[in-house]
Amino acid sequence: MSNIILFAFLAAVFYYIFKSYGRYTAQYSQEAFKDFSVSYESLKNSDLGLFVALVAKVAKADGHVDALEAQLVGIMFDDIAKLFPEPQKTKDILKQIFNEEKDRRDNIEAVAHQLGEALRRNKAQQEQFMGFLIQLAFADGKVTQSEEDILATIAEALEFDPNKYHALFDQFEAMMKNVHPQATLDDAYKVLGVSKDDNMDTIKKAYRKLVRQYHPDIIKSQGKSEEYIKEATAKTQEINQAYEMIKKARG
């Protein structure tokens with residue numbers, strides 16, 4: 001299965017997580033963080049910092065952080081940093097936390113437990129975070145035993161409902177199985193609304209914009225009809241396929 005297609009789904013789901021913060025809690029907003037004193041300690045012990053630490057552990061669970069995972073984590077850093085009064089400083093600290101935590105296996109349970117305590121009254125946000133970690137584990141198309149073990153440890157330490165955990169896992173696994181590239185190179189540029197003379201940076205920006213516009217999870221959060229969601233799902237797959245074809249054609 002193409003990593004490009006997987007990235008499309010993961011990036012869109014990630015975008016939905018942060019777009020939906022406002023629905024679940026007011027704390028994830030620029031207004032709420034306007035007086036936040038950005039420091040290593042304050043970020044590391046915040047729920048977002050703890051989440052980044054767990055992301056690092058899942059990303060490195062199979063022994064390496066691949067390019068797809070790195071792209072996804074980069075988007076995460078950008079989106080979190082925008083919430084704080086010192087975005088670049090925040091991003092640098094988040095990277096530091098990620099790099100420090102990615103090789104540690106001795107504190108997985110402790111970090112997850114601390115995050116669970118921080119989110120004890122916010123089960124919806126807890127589910128969003130757990131769902132993202134599961135999806136991240138699928139970034140290379142499969143979940144290794146090491147990744148499964150880490151996810152299970154995190155879920156248990158979070159006191160996350162086992163039934164919900166397995167439902168999330170099965171849901172994303174099924175989503176991956178239903179992705180079938182069908183787009184052709186002839187139509188790919190038209191689908192993305194770009195020219196064959198555009199560089200890959202321009203094409204990538206157009207691709208990400210369209211994914212965020214049409215992804216069914218985002219559409220569903222807007223209260224659209226089931227028929228509209230089905231159309232958006234088909235459109236998302238078409239966008240994914242177009243980007244994959246262009247990427248392959250350009251080597």
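Colleague: What makes helix α2 and helix α6 stand apart in confidence?

Modeller: Happy to explain! pLDDT is the predictor's confidence in each residue, from 0 to 100, and in this chain its mean is lowest in helix α2 (residues 21-24), at 36, and highest in helix α6 (residues 87-101), at 96. Helices here are DSSP runs (H or I, at least four residues), numbered from the N terminus. This is a predicted model, where local features need pLDDT of at least 70, side-chain atom pairs count only at pLDDT 80 or more, and totals for chains, interfaces and linings use all residues. Residues are numbered from 1 along each chain as its sequence is written, and side-chain values use heavy atoms, with hydrogens and water left out.

Colleague: How do you know what confidence the chain has on average?

Modeller: The chain averages a pLDDT of 81, and 83% of the residues score at least 70. Over residues 1-27, though, pLDDT stays under 50. Where pLDDT is low, the predicted coordinates should not be read in detail.

Colleague: Why is the pairing of glutamate 101 and lysine 57 called a salt bridge?

Modeller: The term asks for a side-chain nitrogen of Lys or Arg within 4 Å of a carboxyl oxygen of Asp or Glu. Here the N to O distance is 2.7 Å, so the pair qualifies. Glutamate 101 lies in helix α6 and lysine 57 in helix α4 (residues 47-59), so this bridge ties together parts 44 residues apart in sequence. By this rule the count is 10 salt bridges.

Colleague: What makes the phi of glutamate 159 worth a look?

Modeller: Its phi is near 60 degrees, a positive value in a residue other than glycine. Glutamate 159 sits in the loop between α9 (145-157) and α10 (162-177).

Conventions: Helix = DSSP H or I, 4+ residues; strand = E, 2+ residues; numbered from the N terminus. Contact = heavy atoms within 4.5 Å.
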